[in-house]
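This report introduces a protein model to a reader who has not met it before. Please look over the sequence and the structure before reading on.

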Amino acid sequence: MKTITVCGSFKFAKEMETITERLELEGNCMLTPIKLTRPNKESYTKEEGLIIEQMHKEKIKISDAILVVNVNGYIGKSTNEEIDYATSLNKEIIYYTDLINNGVDENKVSKEENNLPIEIEPVFEEYVDFETFSKSDFRAVRIIDCKEVPKSKKLLEFTLDDGTGEYRTILSGIHAYYEPEALIGKTAIAILNLPPRSMIGKVSNGMLLSAVHTSNGEEKLNLLLVDDNIPAGAKLY
């Protein structure tokens, strides 16, 4: 029997529960992160956040190993810090992807997933004239900062370099698909000349572009990220 502390993003709560149950039924003592009862991390005071982090470290300290729930290979900043802490204590590091794959070729799994039924929205039949299209100002934007929006489970707040010399704020409801720290430093595409829009007391100035489709009945979203060599503010034609 091993005592194992579970680490990973709350985004993967379902996967955490499933793998925790499996390992506990195999005879291990599983220590899990606190189940947050408030909407998001920002709902807790700085002092409360530090206590939660410290208590999780205490769990790691008394464990034989940690289980990193790295769904699709994703490991966030805080989880990386927990890995470093566990490594400094000579704890065994177990990865979720290693357990669920059980030696299966990941490339093969990926190909099988790609063969699932995919649905896309129909192509518009109505034409738009070039003059109307050219009024839309599409630009490459560098993500300077990205964070959760208090009181919202869906929204992320982006601070963007759009090449004008002043940072731009855009809110986007993609938190179900991305953790904010994973997007910092990336280059995305935004339309800048939409009217400002107020959401939960914050103003969004533009819209980030994403590609959306449905796979096996589940909606999938990918933020459009481009080569980081493209400078902030570069216009798309």
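Which residues are linked with Asp137 in a network of salt bridges? Asp137, Arg139 and Lys235 form that network, a salt bridge being a side-chain nitrogen of Lys or Arg within 4 Å of a carboxyl oxygen of Asp or Glu.

**Basis of the model**

The model is a predicted one, in which local features need pLDDT of at least 70 and side-chain atom pairs count only at pLDDT 80 or more, while totals for chains, interfaces and linings use all residues. Residues are numbered from 1 along each chain as its sequence is written, and side-chain values use heavy atoms, with hydrogens and water left out.

The pLDDT is the predictor's confidence in each residue, from 0 to 100. Its average over the protein is 88, and 91% of the residues score at least 70. Confidence is highest in strand S12 (residues 207-208), at 98, and lowest in helix H5 (residues 106-114), at a mean of 49. Over residues 103-111 the pLDDT stays under 50, and the model has two contacts beyond four places in sequence for this stretch; contact means heavy atoms within 4.5 Å.

**Overall build**

The protein has six helices and 15 strands. Helices (H or I, at least four residues) and strands (E, at least two) are DSSP runs, numbered from the N terminus. Along the principal axes, the C-alpha atoms fill a box of roughly 70 × 45 × 35 Å. Of the contacts with a separation of 6 or more, 66% are between residues 24 or more positions apart.

The protein has 237 residues, of which 34% count as buried. Buried means under 20% relative accessible area, exposed over 50%, and partly exposed in between (1.4 Å probe, protein chains only). The exposed area is about 15,300 Å², with carbon and sulfur atoms supplying 52% of it; accessible areas come from the Shrake-Rupley method with a 1.4 Å probe, and for residues only the protein chains shown count as cover.

**Nonpolar cores and a surface patch**

In soluble globular proteins, nonpolar side chains tend to be buried together. A nonpolar core is a set of buried Ala, Val, Leu, Ile, Met, Phe, Trp, Tyr and Cys residues joined through side-chain atoms within 4.5 Å. The largest such core here has 16 residues, and Val141, Ile143, Phe158, Leu160, Ile174, Leu183 and Leu208 have the most contacts inside it. At least two residues of this core come from each of strand S6 (138-148), strand S7 (156-161), strand S9 (187-191) and strand S14 (218-223). Another core, of 15 residues, lies apart from it and includes Leu23, Val71, Tyr74 and Leu99.

Beyond its neighbours within four places in sequence, Ile143 is in contact with residues including Phe158, Leu160, Leu183 and Ala188.

On the surface, Val128, Phe130 and Phe133 make a nonpolar patch of about 350 Å². Patches are made of residues with over 30% relative accessible area and no salt bridge: like charges are joined within 9 Å, nonpolar side chains (Val, Leu, Ile, Met, Phe, Trp, Tyr) within 5 Å. Phe133 belongs to helix H6 (residues 130-133) and counts as partly exposed because its relative accessibility is 40%.

**Salt bridges**

Side chains of opposite charge can pair when their charged atoms come close. The protein has eight salt bridges by the rule stated above, among them the following.

| Pair | Closest N to O distance |
|---|---|
| Asp137 and Arg139 | 2.7 Å |
| Asp137 and Lys235 | 3.2 Å |
| Lys202 and Glu157 | 3.3 Å |

Asp137, in the loop between H6 and S6, and Lys235, in the segment after strand S15 (225-226), are 98 residues apart. Asp137 is buried at a relative accessible area of 18%, whereas Arg139 is partly exposed at 24% and Lys235 is partly exposed at 30%.

The pair of Lys202 in strand S11 and Glu157 in strand S7 also links distant parts of the chain, 45 residues apart. Glu157 counts as buried at 11% relative accessibility, and Lys202 is partly exposed at 28%.

**Backbone angles in two loops**

Most residues other than glycine have a negative phi, and most peptide bonds are trans. Asn72 has a positive phi, near 55 degrees. Asn72 lies in the loop between strand S3 (65-68) and helix H3 (77-88) and is exposed, with a relative accessible area of 76%. Ile200 has a positive phi near 50 degrees. Ile200 sits in the loop between strand S10 (197-199) and strand S11 (202-204) and is partly exposed at 45% relative accessibility.
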